[in-house]
Amino acid sequence: MTAAPAAYDKEVLYAFRALFDGKANDGQQKRALQWLLFNACHIGVLSFATTERESAFKEGERHIGLQIARMREPEALKLIEGKSRAEKTAATKSEAGRKASE
């Protein structure tokens, strides 16, 4: 199965080129991300297809898009901050246990 690339126009092309160069303005950044999520990753469309394999491929694309989209949610930062605290606590306990056994 060969997936056809998502269609794009000059506006999207120039938005991505500016993004790659680190020179994209607000509008270009939004345009590139919008195209990525909705055209390349199909987050607004069901992933059902005529074959199971094609459905799985489409679901993989959606999964990537949904991960990117979730980063804009407030909960994303809370997950990272919570994980960092838990990792620091675990490291401190591990270090204390190592010193105690010496």
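**Figure 1. Overall fold of the predicted model.** Along the sequence, the protein follows the pattern α-α-α-α. The model is predicted. Its secondary structure consists of four helices and zero strands. Of the 102 residues in the protein, 18% are buried. The accessible surface amounts to about 8,300 Å², and carbon and sulfur atoms account for 58% of this area. Taking contacts between residues at least 6 apart in sequence, 30% connect residues at least 24 apart. Three salt bridges are present in the structure, and they appear in the close-up views of Figures 2, 5 and 7.

**Figure 2. Salt bridge between glutamate 11 and arginine 31.** The two side chains meet with an N to O distance of 3.4 Å. Glutamate 11 belongs to helix H1, which covers residues 10–20, and arginine 31 belongs to helix H2, which covers residues 26–40. The pair is 20 residues apart and links distant parts of the chain.

**Figure 3. Backbone separations between H1 and H2.** Two C-alpha pairs are shown, beginning with leucine 13 and alanine 32. These residues are 19 apart in sequence, and their C-alpha atoms are 8.3 Å apart in space. Leucine 13 is a residue of helix H1. Its relative accessible area is 29%, so leucine 13 is partly exposed. The second pair is aspartate 26 and alanine 15, eleven residues apart along the chain, with 9.9 Å between their C-alpha atoms. Aspartate 26 is placed in helix H2. Aspartate 26 counts as exposed because its relative accessibility is 57%, over the 50% cut-off.

**Figure 4. Crossing of H2 and H3.** The axes of the two helices come within 9 Å and cross at roughly 145°. The crossing of H2 and H3 is left-handed. On the H2 side, the contact is made by Leu33, Leu36, Leu37 and Ala40. On the H3 side, it is made by Glu61, Gly65, Ile68 and Ala69. By residue class, the contact of H2 with H3 comprises six nonpolar residues, one polar and one charged.

**Figure 5. Salt bridge between glutamate 59 and arginine 62 in helix H3.** The closest N and O atoms of this pair are 3.0 Å apart. Helix H3 spans residues 52–70, and the two residues are about one helical turn from each other because they are three residues apart within H3. Glutamate 59 has a relative accessibility of 33% and therefore counts as partly exposed. Arginine 62, at 18% relative accessibility, counts as buried, because the limit for that class is under 20%.

**Figure 6. The loop between H2 and H3, and its surroundings.** Histidine 42 lies in this loop. The phi angle of histidine 42 is near 55°, a positive value in a residue other than glycine. Most residues other than glycine have a negative phi. With a relative accessibility of 28%, histidine 42 counts as partly exposed. Valine 45 is also a residue of the loop between H2 and H3. The relative accessibility of valine 45 is 48%, so this residue counts as partly exposed. Valine 45 and arginine 62 are 17 residues apart along the chain, and their C-alpha atoms are separated by 8.4 Å. Serine 55, in helix H3, completes the view. Leaving out residues up to four places away in sequence, serine 55 touches Ser47, Phe48 and Ala49. Serine 55 counts as buried, since its relative accessibility is 17%.

**Figure 7. Salt bridge between arginine 72 and glutamate 73.** In this pair the closest N and O atoms are 3.6 Å apart. Arginine 72 is exposed, having a relative accessible area of 63%. Glutamate 73 is partly exposed, with a relative accessibility of 36%.

Definitions and conventions. Residues are numbered from 1 along each chain as its sequence is written. This is a predicted model: local features need pLDDT of at least 70, side-chain atom pairs count only at pLDDT 80 or more; totals for chains, interfaces and linings use all residues. Side-chain values use heavy atoms; hydrogens and water are left out. A salt bridge is a side-chain nitrogen of Lys or Arg within 4 Å of a carboxyl oxygen of Asp or Glu. Buried means under 20% relative accessible area, exposed over 50%, partly exposed in between (1.4 Å probe, protein chains only). Axes are lines fitted to C-alpha atoms, for helices over the stretch in contact, and angles run from 0 to 180 degrees between N-to-C directions. A crossing is left-handed if the near helix is turned anticlockwise from the far one by less than a right angle, and right-handed if clockwise. Contact means heavy atoms within 4.5 Å. Ala, Val, Leu, Ile, Met, Phe, Trp, Tyr, Cys and Pro count as nonpolar, Asp, Glu, Lys and Arg as charged, and the others, Gly among them, as polar. Accessible areas come from the Shrake-Rupley method with a 1.4 Å probe; for residues, only the protein chains shown count as cover.
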